[in-house]
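Visitor: I am new to this structure and would be grateful for a close look at one part, namely the charged pairs and what surrounds them. Please take me through that part step by step.

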Amino acid sequence: MSNPSSSWVAQFNPGDRVEIRPRDVGFRGSWYAGTVVRREAKNTNRYVVEYDQLYADESGEKLLQETLDWVQLRPPPPPPEKKVQFKFEDEVEAFYSDGWWEGAIIAEHSGGKFAVFLRGFDEQIVLEEKDLRLPVQWVKGKWEPRFEQVQREKENSNFSKEVMKFTQGMQVEVLTDEDGLKGAWFAATIIEPSGEDKYLIEYKTLTNDDDTEFLREVIRACNIRPCPPEIIVVDGFKVWDAVDAYYNEGWWVGVIAKVLINSNYEVNFIEYDEKTTFNQADLRPHQDWLNGKWVVP
């Protein structure tokens with residue numbers, strides 16, 4: 001969010017609905033719904049606010065109140081004038097853990113779901129379309145759509161256009177929408193373009209129903225990425241590390257839930273909320289392909 005000019009100061013009244021930027025470092029990049037309780041003192045620009053869904057105690061009986069500067073508050077953003085068609089690489093705000101967090105769409109799933117990389121959590125989650133909205137800026141009492149600026153930058157970026165194109169014979173990884181395989185990346189080879197933003201690919205580990213040859217499919221470009229670079233893990237993984245686990249011929253996104261003996265780990269799969277034990281040889285650090293670059297949580 002851009003810093004408003006020092007000559008302009010927002011004014012709030014008791015009872016005003018607002019979105020709150022928490023001051024805690026762990027909440028950086030998020031907005032939470034709340035209500036203005038009162039101004040801290042006359043002729044000040046600090047306000048006492050109460051959160052809708054954050055609590056002051058572990059029992060969840062008393063809502064959290066904080067005293068914050070006016071720059072940490074804004075009115076709730078207006079709804080979009082028309083339905084938004086989200087797509088790969090869009091910058092978004094995602095509703096997660098009771099707040100709106102900055103992120104980017106890194107893959108599209110069937111059923112109106114999207115894989116989103118949340119910067120504040122350094123992890124990827126799958127969300128429904130209703131839990132996404134366009135990023136906006138509240139500047140000097142007006143809303144400015146960051147979304148349009150981001151789209152124009154993408155259209156003017158030769159690099160962004162280049163990374164969306166794949167060439168014949170290129171080794172890639174593919175995200176499939178097939179039931180039972182959702183959320184996993186599979187090694188494949190680009191055979192040829194197949195219409196606008198689609199490619200015919202051949203899997204390197206999945207075979208047809210007769211097991212006589214490797215499976216071929218037409219896949220959208222947004223569900224294809226280059227093969228990630230190898231990262232050597234010297235000291236092993238730690239609890240909460242984001243990893244890819246090689247399972248059923250593909251790489252599944254998960255989180256280290258427990259460190260076991262003999263370089264074994266219990267991994268919790270994000271997509272299915274299931275835990276399985278793996279040896280370190282079958283794990284790799286998780287990486288996300290964002291804006292033509294590999295991002296390591």
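Guide: Lys83 is a suitable place to begin, as this residue is exposed, with a relative accessible area of 60%. The terms are these: buried means under 20% relative accessible area, exposed over 50%, and partly exposed in between (1.4 Å probe, protein chains only). The model is a predicted one, in which local features need pLDDT of at least 70 and side-chain atom pairs count only at pLDDT 80 or more, while totals for chains, interfaces and linings use all residues. Residues are numbered from 1 along each chain as its sequence is written, and side-chain values use heavy atoms, with hydrogens and water left out.

Lys83 forms a salt bridge with Glu129, and their closest N and O atoms are 2.6 Å apart. A salt bridge here is a side-chain nitrogen of Lys or Arg within 4 Å of a carboxyl oxygen of Asp or Glu. This pair links distant parts of the chain, 46 residues apart: Lys83 is in the loop between β5 (73-74) and β6, and Glu129 is in the loop between β9 and β10. Strands are DSSP runs (E, at least two residues), as helices are (H or I, at least four), numbered from the N terminus. Glu129 is partly exposed, with a relative accessible area of 25%.

A search of the whole structure finds 15 salt bridges. Another of them joins Arg133 to Glu19, with the closest N and O atoms 2.9 Å apart. Arg133 belongs to strand β10 (residues 132-133) and Glu19 to strand β1, so the pair ties together parts that are 114 residues apart in sequence. Both residues are buried: Arg133 has a relative accessible area of 15%, and Glu19 has 5%. Arg133 and Glu19 are also linked with Arg74 and Glu93 in a network of salt bridges.

Glu93 leads on to the nonpolar surroundings, as Leu132 is in contact (heavy atoms within 4.5 Å) with Glu93 and, among others, Phe86, Trp100, Phe114 and Val116, leaving aside neighbours within four places in sequence. Leu132 is, with Phe12 and Val116, one of the residues that touch the most other members of the largest nonpolar core, which has 26 residues. Such a core is a set of buried Ala, Val, Leu, Ile, Met, Phe, Trp, Tyr and Cys residues joined through side-chain atoms within 4.5 Å. The strands that each supply at least two residues of this core include β1 (17-20) and β6 (91-96), and β3 gives the most, with 4 residues.
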